[in-house]
Amino acid sequence: MPSTSSFRQLKGVIFTAFLVTTFIIGIAGALQSPTLSRFLTDEVNVDPILVGLFYSVNAIASIVGSFLLAKYSDKKGDRRLIVIFCCLMGVFNSLVFAFSRHYVFLITLGVLFAALSSAAMPQIFALAREYAVKTGRNVVAFNSLIRAQLSLAWVIGPPLSFALAINYGFTTMYLSAMGMFFVAMIFVAIFLPSVEKNPATQQTQAMNQQEINQPLFQNKNVVFLFLSTVFMWTANMMYIIDMPLYIKSSLHLSDSLPGQLMGLAAGIEIPVMLIAGFLVPYLGKRNLFFIAIGCGVLFYIGIILFKNEVALFSLQIFNALFIGIVANIGIIYFQDLLPTRMGVASTLFNNGITCSVIIAGLIQGFVSKAFGHEMIYWIALIMVAVSFLFCAFVNESKSNT
């Protein structure tokens, strides 16, 4: 009886560790990302095209870095040690941005550290999935609770990011992010487990070696799901990049409004994620994606039509439904389609987001300069509609767990 109690206590500690680690790393990212376009514009003094270029170069580097680490982790790497390494790179990245205002230095060394740190979150989700399977936890519920921590971090992070940057400067803001990465690194080293691949998994992988080594582009479901998520996330990323500039230069609203809007959307996303996880066995992942896309269409129509603060706050309900469902169910969808390649599946979902940053950065930079900010949201609306078509070609996974 004592041994059973100790085992349950240990499982509780590890579960809490996953939640806290995700939250801390999420806070670090939520401090840096929302103000990046403002940082490059106001502190580094570059034009919109160079802002967009920075986002694109950063995204390409992140795709390469995270995918290489994912392949390594699926074969023989200890995911826990990889997360620690990524957090250390996050510390170095924050230091570079805190003390440098040279564009070339930021887009080279800064981007290198950012690329290596970007694998932290997909590796945590891959580790969490393996741990949940090994300990018999409900995978969807476990993932939903962990993913909710990331949204909780984005409730707090964006308003805090703008508050720190506006009141204390970008150096203080980036040093705060550095502190979060440092705390996360220590926390992972102490509390997160190393999940070893058991013999049964190794035998299964040996029996299905041809399937495991199949190029991803030959798996039509994976390709269509990837394209669908890229178009959805591109629309969202254009909004994230452009919205702070749009509110300041076109709508002439409060400087703190972008952080408040992002924080509100992230707050609503938390119950959306938990409810979506509960609904997966009943509605299926693809149907939930269709619901999310419908909310995305309504959100961007609203952004185009309405310009006042009350409307922008109200529209965050649709934004949260759109992103909350896709962010939670999307990673499970990829993992179900690639059950023997958890690291690659989790990273593929993350890289879909990163690819969208490349596209969004280029579109935002050129379009906003040539046609103004409002055109960004018309393009976003079209992209969400296109994502519906790709999603329709994805066959629902047989397993909803």
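1. Let's start at a small turn in the chain. Just after helix α2, asparagine 45 takes a positive phi of about 60°. Keep in mind that you are looking at a predicted model. Asparagine 45 is not a glycine, yet its phi is positive. That is worth a second look, because most residues other than glycine have a negative phi.

2. Where does asparagine 45 sit? Look in the loop between α2 and α3, the latter covering residues 48-75. Is asparagine 45 buried or exposed? Its relative accessibility is 61%, so asparagine 45 counts as exposed, since the cut-off for that label is over 50%.

3. Now step back into α2 itself, which covers residues 36-43. Buried residues in this helix include Leu36, Ser37, Arg38, Phe39 and Leu40. Notice that an arginine, Arg38, is on that list along with Leu36 and Leu40.

4. Serine 37 deserves its own point. You'll find serine 37 in helix α2, and with 0% relative accessibility it counts as buried. Which residues does serine 37 touch, leaving aside neighbours within four places in sequence? The contacts are Val51, Tyr55, Ile241 and Leu245. For a sense of how the chain folds back, try tyrosine 239: serine 37 and tyrosine 239 are 202 residues apart in sequence, while their C-alpha atoms are 12 Å apart in space.

5. Over in helix α3, have a look at asparagine 58. Not counting residues up to four places away in sequence, asparagine 58 touches Val111 and Ala114. Leucine 264 makes a useful check on your intuition: it is 206 residues from asparagine 58 in sequence, and the two C-alpha atoms are 27 Å apart.

6. Next, α6, which runs over residues 120-135. This helix has 16 residues, and from its first C-alpha to its last it reaches 22 Å, close to the 22 Å expected at 1.5 Å a residue. How many of the residues of α6 are buried? The count is 13 of 16, so the helix is mostly covered. Right behind α6 comes glycine 136, with a positive phi near 80°. Compare that with asparagine 45, whose phi is also positive but which is not a glycine.

7. Here is another glycine to find. Glycine 284 has its place in the loop between α12 (257-283) and α13 (285-305). Its relative accessibility is 5%, so glycine 284 counts as buried. Tyrosine 333 is 49 residues away along the chain, and the C-alpha atoms of these two are separated by 9.9 Å.

8. For a long-range pair, go to leucine 348 in helix α15, which covers residues 342-371. Leucine 348 counts as buried because its relative accessibility is 10%, and the buried label needs a value under 20%. Leucine 348 and isoleucine 63 are 285 residues apart in sequence, but C-alpha to C-alpha they are 8.8 Å apart.

9. With those details in hand, zoom out. How many helices and strands does the protein chain have? There are 16 helices and 0 strands. Of the contacts with a separation of 6 or more, 84% are between residues 24 or more positions apart. The pairs in points 4 and 8 can help you picture sequence separation against distance in space.

10. What about the overall shape? The C-alpha atoms fill a box of roughly 60 × 45 × 40 Å along the principal axes. A compact globule of 401 residues would have a radius of gyration near 21 Å, and the protein chain has 20 Å, so the two agree. Of the 401 residues, 56% count as buried.

11. Last, the surface and the charges. The protein chain exposes about 16500 Å², and carbon and sulfur atoms supply 69% of that area. There are 22 positive and 15 negative side chains in the protein chain. How far apart do the centres of these two sets lie? The separation is 10 Å.

Conventions: Residues are numbered from 1 along each chain as its sequence is written. This is a predicted model: local features need pLDDT of at least 70, side-chain atom pairs count only at pLDDT 80 or more; totals for chains, interfaces and linings use all residues. Side-chain values use heavy atoms; hydrogens and water are left out. Helices (H or I, at least four residues) and strands (E, at least two) are DSSP runs, numbered from the N terminus. The expected span of a helix is 1.5 Å times one less than its number of residues. Buried means under 20% relative accessible area, exposed over 50%, partly exposed in between (1.4 Å probe, protein chains only). The radius of gyration is taken over C-alpha atoms; the globule rule is 2.2 Å times the number of residues to the power 0.38. Contact means heavy atoms within 4.5 Å. Accessible areas come from the Shrake-Rupley method with a 1.4 Å probe; for residues, only the protein chains shown count as cover. Lys and Arg count as positive and Asp and Glu as negative; His and the chain ends are not counted. The place of a charge is taken as NZ of Lys, CZ of Arg, CG of Asp or CD of Glu.
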